[in-house]
Each structure stands twice: as structure tokens, then as C-alpha cells.
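Got your viewer open and a selection box ready? Let's walk through this one stop at a time.

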Amino acid sequence: MANITSIRFANAGFASLPSAKGLVALFVGATAGIGESAMRTFVSNTVDPTVYFVGRSESAGSKIAADLQALNPSSKIQFLQADTTLLSTVDKITDQITASEKKLNLLFMSPGYATMQSRDESPEGIDRKMAISYYARMRFALNLLPLLSASEPARVISVLSPGREGVLDLKDLGLKAPGSFSLFAVAKYTVTMTSLTFEHLSRQYPNIGWIHATPGFVVTGYSRGLPAPLRILLKVTEPLQKCISTPIGDSGQGFFYLSTQEKYAKGLWLVDWKGGSADSRTEKEKNGWFSSNGAAQWWGDDKVEAVWKHTEEVMASVEK
């Protein structure tokens, strides 16, 4: 694992390399927090990049687009306002990009929001929290496979929590059975399904880097969907949080490092934001904080196959 000093040094030299020129990237969930920081670092350290970014706030997106253009006048920046809890919306975005581009070097996904709500199904019959953390992200990756496959190199990065996988009920991966849904369960299932699906995709598309990465503790605007008392508490304690958290700028540097270093260009990577291992697949006694049974295995070919089959079924349930 690299330290932040060596990461910044490597990033600073990237723009002088031939591989820094003409990259095409899509950032999903980039109008705030980790996604915005990663995108700003990407734009700052590349030459003639084409960058698409997706977010919910039109005003925030327009301002960030102007900032990025000023930051790197050689860049081409396009903001796409969208609610990515809907797979049909994902399809519209990917259709637009596919019509305009011949390659995609980086798909970076970090959308999310904190909520205390129970199951909240979209018109497509998918819980919105699970959609934004897993199903929509997989839809982006699957729809953009032709562009990713045409790129050398190409990476898909999903920011969640590798290392915190747990044992799943393979007969209820959508958490629809009575009593099965909780925010804790959503976190466990989306994290674990991401690692298992990336395992499958890394076998099918070995020339793409499939990176499931944890950001650690970063102070962002993630709490805006919480009830007012919790938002106030988090705001009051924000100075303390910042003392013990990863600075948002360092996070952006780390994710740019994962996006550009040759080491992560191919295969499956379960890592933290600096590239350190967060891979619990081979652990025998401990299988992540979310595991209800530390001795049970969350990973295996049967789990990979079951999660992939479920994912295909959900994808097919929403017509393109």
C-alpha cells in the first residue's frame, strides 16, 4: 500500500506521460464528496480529457462544470443531471455517451445518500437505496462494456466497503421477504454483491480493472437525507470528525492513483483508497464486520453464480 506522499508524487507526474492524453471518463455521483474530489483530481492531472459526470443537483453540477473547465482549459466537460435510482435513467445516460464516444477509460461510481427510511421501491420495483448502491452501478458497467472493452487501459471503480462482506440469503438477494429488509442488511448485501459480481465480470473481461474500493472515513454531505436532529448532531461534531477522518482531497488523490496506476489496470481488486488490500475472500475465521457468522464463507463460485443470475434477472426486468 502506498502512502499519501508517494501517491501525490506519482499523481503529479502522470500528466507528463503519453497515457495521460485524451482519456475519457464518467463519474457517477460527482456533485459532492468523494466523487467530486476524485473528478477534480482527474481533470487536474490529465491532458485533453473528456469527462462526463452525473448528479442530482443541476445548480451544483453547473458550477462544478465551470470550475473544472477553468481548472483544465484543455478538458471537455459535460454534466448530466439525473436520478440514478432508476435503471431506465441509467440507460438514457449510457445511450448518450455511447452515441458520442468510441472508448471509455474510467467509470467511477460513488453515488449514495444516508436515509432512515424503510424499503422505498421505485416504479421499477427496486428499492432505491439498493439501486443506487448496486443495481444502477451494475447497469452502468454492463451498458458501457463495449466502450470499456475498446479502451486500453480501462477501469471500473465502485466506492463502497470491500472487507465488510457477509453471508447472504441466496434466495432473497433483493431483500423482499417479510422482515428481511433493514439498512444494515442493505449495506451488507450491496457490498457483498458488488464483490461477487466484480469477481464474475473480471473473469469474463480480464483486460478491464474491476476495483471495489473503500474510502475509509471521509466527511462528506452524505447526511443530508437524515432526520433533522441527526443532521444537526453531525454538523456540530463535524470538526471532531475531520480530525479523525481522511481529508477529502487526499481521498481524491488516492482514487486517481487507483484510476491510473498500471498495477490496477486488469483483474479484480478489493482495496482501500490507497490501494491496500481489503480482500477478505480467503479469511477463515473473520468475514467482515457485517457477517452474522464469522466462520461462514461469503465467497465462492456458487455465490458468484447465484448473485450473477439474480443480477441478470433484475436487469432483464427493466427493459432497455
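What follows is a tour of a predicted model, stop by stop.

**Stop 1: the whole chain**

Colour by secondary structure before selecting anything. You should find 11 helices and 7 strands. Of the 320 residues in the chain, 56% are buried. Switch on contacts and look at those with a separation of 6 or more: 77% of them come from residues 24 or more positions apart.

**Stop 2: helix α11**

Now select residues 301-317, which form helix α11. This helix has 17 residues and runs 24 Å from its first C-alpha to its last, close to the 24 Å expected at 1.5 Å a residue.

Which residues of α11 are buried? Show side chains for Lys303, Val304, Val307, Trp308, His310, Thr311, Val314 and Met315. Turn the view until you look down the axis of α11: these buried residues fall within an arc of 165°, so they line one face of the helix. Swing round to the other side and you meet the exposed residues Glu305, Lys309, Ala316 and Ser317.

And what covers the buried residues of α11? Among the elements that do so are α4 (87-100), α5 (128-143) and α7 (183-204). Keep α5 and α7 on screen for the next two stops.

**Stop 3: α7 against α11**

Show α7 together with α11. Their axes come within 9 Å and cross at roughly 95°. The two helices are therefore roughly perpendicular to each other. To see who touches whom, select Met193, Leu196, Thr197, Glu199, His200, Leu201 and Arg203 on the α7 side. Their counterparts in α11 are Asp301, Lys303, Val304, Val307, Trp308, His310 and Thr311.

**Stop 4: α7 against α5**

Hide α11 and bring up α5. Here the axes of α5 and α7 come within 8 Å and cross at roughly 15°. That angle makes α5 roughly parallel to α7. The crossing is right-handed. From α5, the contact uses Lys129, Met130, Ser133, Tyr134, Tyr135, Met138 and Leu142. From α7, pick Val186, Tyr189, Thr190, Met193, Thr194, Thr197, Phe198 and Leu201.

**Stop 5: α2 against α10**

One more helix pair: select α2 and α10. They pack at an angle of about 60°, with their axes 8 Å apart. α2 and α10 are therefore oblique to each other. α2 passes α10 in a right-handed crossing. On α2, highlight Gly33, Ile34, Ser37, Ala38, Thr41 and Phe42; on α10, highlight Ile248, Gly249, Ser251, Gly252, Gln253, Phe255 and Phe256.

**Stop 6: helix α1**

Leave α10 visible and add α1, residues 4-14. The cover over the buried residues of α1 includes α10 (248-260). Those buried residues are Ile7, Asn11 and Phe14. Down the axis of α1 they fall within an arc of 50°, so they line one face of the helix. Thr5, Phe9 and Ala12 are exposed on the other side.

**Stop 7: inside strand β2**

Next, click on Val54, which sits in strand β2. Is Val54 buried or exposed? With a relative accessible area of 1%, Val54 is buried. Setting aside neighbours within four places in sequence, Val54 is in contact with Leu26, Phe27, Val28, Gly29, Ala30, Phe79, Leu80, Ala82, Thr84 and Ile93. Try a distance too: the C-alpha atoms of Val54 and Gly35 are separated by 9.7 Å, with their positions 19 residues apart along the chain.

**Stop 8: backbone oddities**

Time for torsions. Most residues other than glycine have a negative phi, and most peptide bonds are trans.

- Select Asp48, in the loop between α2 (33-44) and β2 (50-55). Asp48 has a positive phi of about 55° without being a glycine. This residue is partly exposed, with a relative accessible area of 31%.
- Move to Leu175, in the loop between β5 and α7. Phi of Leu175 is near 55°, again a positive value in a residue other than glycine. Leu175 is buried, with a relative accessible area of 2%.
- Finish at Pro153, in the loop between α6 (145-149) and β5 (155-159). Check the bond joining Glu152 and Pro153: this peptide bond is cis, with omega about 0°.

Notes. Residues numbered from 1 in each chain as written. Predicted model: local features only at pLDDT ≥ 70, side-chain atom pairs only at ≥ 80, totals over all residues. Heavy atoms only, no water. Helix = DSSP H or I, 4+ residues; strand = E, 2+ residues; numbered from the N terminus. Expected span 1.5 Å × (residues − 1). Buried < 20%, exposed > 50% of the residue type's maximum accessible area, 1.4 Å probe, protein only. Arc of directions from axis to C-beta. Contact = heavy atoms within 4.5 Å. Axes fitted to C-alpha atoms, helices over the stretch in contact; angles between N-to-C directions. Parallel < 35°, antiparallel > 145°, perpendicular 65-115°, else oblique. Left-handed = near helix turned anticlockwise from the far one by under 90°.
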